[in-house]
Amino acid sequence: MLRFGLFGTGHWAAETHAAAIDAHPQADLVGVWGRSPERVAALADRHGVPAYDDVDALLDACDAVAVAVPPDVQVDIAVRAATAGRHLLLDKPLALNLADADRVVAAAQQSGVASVVFFTQRFHPNITGFLASAAAAGGWQHARATMFASIYQPGNPYGDSQWRREHGALWDIGPHALSIILPVLGRVTRVAAMDGPSGLVHLLLTHDGGATSTLSLTLDAPPAAMTRDFVFFGENGTETVPPGDGSALTAFGTAIDQLVEEIDAGTRDHRCDVRFGREVVEILAAAEAARRAGRTLDL
């Protein structure tokens with residue numbers, strides 16, 4: 001049984017992380033830490049586990065951490081957890097800059113802990129199968145990703161998220177888009193980006209081998225324009241990525257499965273580990289710099 005310490009008390013932490021850990025036959029939720037004592041107490045009471053006000057005390061009580069806090073807060077917790085020998089189940093983006101991402105990767109590699117970064121779409125079996133098949137087929141020349149979300153409507157649990165308001169769609173849903181594009185088209189070598197209305201950001205990427213991709217992202221779309229669309233274009237025509245065939249809850253359960261497998265097998269090569277998380281941060285940071293400078297940047 002893998003003992004998890006949960007770091008975070010927001011909607012995502014409560015309804016996905018905590019619920020999935022509680023339901024998993026090989027996981028045991030042993031405590032909750034957060035920045036709001038009242039919310040820590042409420043979530044801990046809901047699951048019948050201790051509430052912690054000290055990060056290191058919860059690290060002492062667990063084998064692995066599940067982290068659902070803003071990315072800049074996640075970095076310090078992840079480094080401390082890895083240094084203490086605790087396995088990592090982290091959220092995307094891994095960090096908000098490359099230096100912090102490097103810190104997490106270095107700590108994980110030095111301690112030898114297993115790591116999984118929860119890019120939700122990558123833990124739906126039908127999407128995993130599609131990406132593996134598309135990568136094996138090859139011959140792709142271009143991909144298009146459109147993610148128009150609308151989180152600022154009344155009642156949306158993410159609308160008050162300060163880090164999302166500050167960093168926008170690029171850093172919130174950009175990681176999801178890249179997690180679909182990269183396994184098929186490969187490493188990004190050049191990045192251009194520009195803004196549109198209502199927080200819209202467009203990315204134009206060049207990949208190893210010359211293929212290109214375009215990403216259009218916003219968190220503030222008109223509700224009638226909300227969409228999620230991924231299409232690959234190549235020698236054999238076009239292929240559209242299907243929607244995930246499960247919920248975020250079932251996907252997180254799969255992430256726990258895969259972390260347990262990594263630990264039991266002693267392997268440290270998960271396709272969504274902290275090194276992949278760092279690769280995504282590198283692209284996002286380059287896109288941020290490109291949109292500000294108004295020019296294309298090489299990676």
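## A guided tour, starting at a cis proline

Begin by selecting Pro 93, which sits in the loop between β5 and α5 (98-111). What you have open is a predicted model. Show the backbone at this point and check omega: the peptide bond from Lys 92 to Pro 93 is cis, with omega near -10°. As a rule, most peptide bonds are trans. Keep Lys 92 highlighted, as the tour will return to this residue at the pocket.

**Stop 1: the parallel sheet**

Step back along the chain to β5, residues 87-91. Strand β5 is joined to β6 by 4 bridges, and the two run parallel. To see one of these pairs, select Leu 89 together with its bridge partner in β6, Val 116.

Now widen the selection to the whole sheet. It is an open sheet of 6 strands with parallel pairing, and its order is β3-β2-β1-β4-β5-β6. Which strands stand at the edges? They are β3 (51-52) and β6 (115-118); each has a single partner strand, so one side of each is left without a neighbour in the sheet.

**Stop 2: a buried histidine**

Next, pick His 124, found in the loop between β6 and α6 (125-137). Is this histidine buried or exposed? His 124 has a relative accessible area of 4%, so it counts as buried. Display its surroundings and you will find, beyond its neighbours within four places in sequence, contacts with Gly 244, Asp 245, Gly 246, Ser 247 and Ala 251.

**Stop 3: the mixed sheet**

Colour the second sheet by strand. This one is open too, with 7 strands in the order β12-β11-β7-β10-β9-β8-β13 and mixed pairing. At its edges are β12 (237-240) and β13 (297-298), each pairing on one side only.

Strand β7 is a good place to look at the mixture. Towards β11 there are 8 bridges, and these strands run antiparallel; Thr 146 has Asp 229 as its bridge partner in β11. Towards β10 there are 7 bridges, and here the strands run parallel. For an example, select Arg 144 and its bridge partner in β10, Thr 214.

Stay on β10 (residues 212-218) and choose Leu 215, which belongs to that strand. With a relative accessible area of 1%, Leu 215 is buried. Setting aside neighbours within four places in sequence, its contacts are Ala 145, Ala 177, Leu 178, Val 201, His 202, Leu 203 and Leu 205. If you have a distance tool to hand, try Leu 215 to Met 194: they are 21 residues apart in sequence and 11 Å apart in space, C-alpha to C-alpha.

**Stop 4: the hairpin and its turn**

Move on to β8 (residues 188-195) and β9 (residues 201-207), which run antiparallel and are joined by 7 bridges. Within this pairing, Ala 193 has Leu 203 as its partner in β9, and Val 191 has Leu 205. Val 191 also has a bridge partner in β13, namely Leu 297; β8 and β13 pair in the antiparallel sense over 2 bridges.

Helix α10 (residues 274-293) packs on this sheet, where it touches β8, β9 and β13. Its direction makes about 45° with that of β8.

Together β8 and β9 form a hairpin with 5 residues between them. What is the phi of Ser 198 in the turn? It is positive, at about 55°, although Ser 198 is not a glycine. Most residues other than glycine have a negative phi. At 46% relative accessibility, Ser 198 counts as partly exposed.

**Stop 5: the largest pocket**

Finish by turning on a pocket surface. The largest pocket has a volume of about 1,300 Å³ and is lined by 47 residues. To centre the view, select Trp 12, Lys 92, Tyr 158, Arg 164 and Asp 172, which lie nearest its centre. Lys 92 is the residue from the opening stop, on the N-terminal side of that cis bond to Pro 93.

Where does the lining come from? Elements that each supply at least two residues are α1 (11-23), α4 (71-83), β7 (140-148), α7 (162-172) and β11 (227-234). The largest share, 6 residues, comes from α7. Colour the lining by class and you will see 20 nonpolar, 17 polar and 10 charged residues.

Key:
Residues are numbered from 1 along each chain as its sequence is written. This is a predicted model: local features need pLDDT of at least 70, side-chain atom pairs count only at pLDDT 80 or more; totals for chains, interfaces and linings use all residues. Side-chain values use heavy atoms; hydrogens and water are left out. On a 1 Å grid over the protein atoms alone, a cavity is a set of points where a 1.4 Å probe fits but cannot get out, and a pocket is an open set with protein on both sides within 12 Å along at least five of seven lines; lining residues have an atom within 4 Å of a point. Grid points are joined across faces, edges and corners, and a volume is the space filled by probe spheres set on the points. Ala, Val, Leu, Ile, Met, Phe, Trp, Tyr, Cys and Pro count as nonpolar, Asp, Glu, Lys and Arg as charged, and the others, Gly among them, as polar. Two strands pair if DSSP finds at least two bridges between them. Contact means heavy atoms within 4.5 Å. Axes are lines fitted to C-alpha atoms, for helices over the stretch in contact, and angles run from 0 to 180 degrees between N-to-C directions. Buried means under 20% relative accessible area, exposed over 50%, partly exposed in between (1.4 Å probe, protein chains only).
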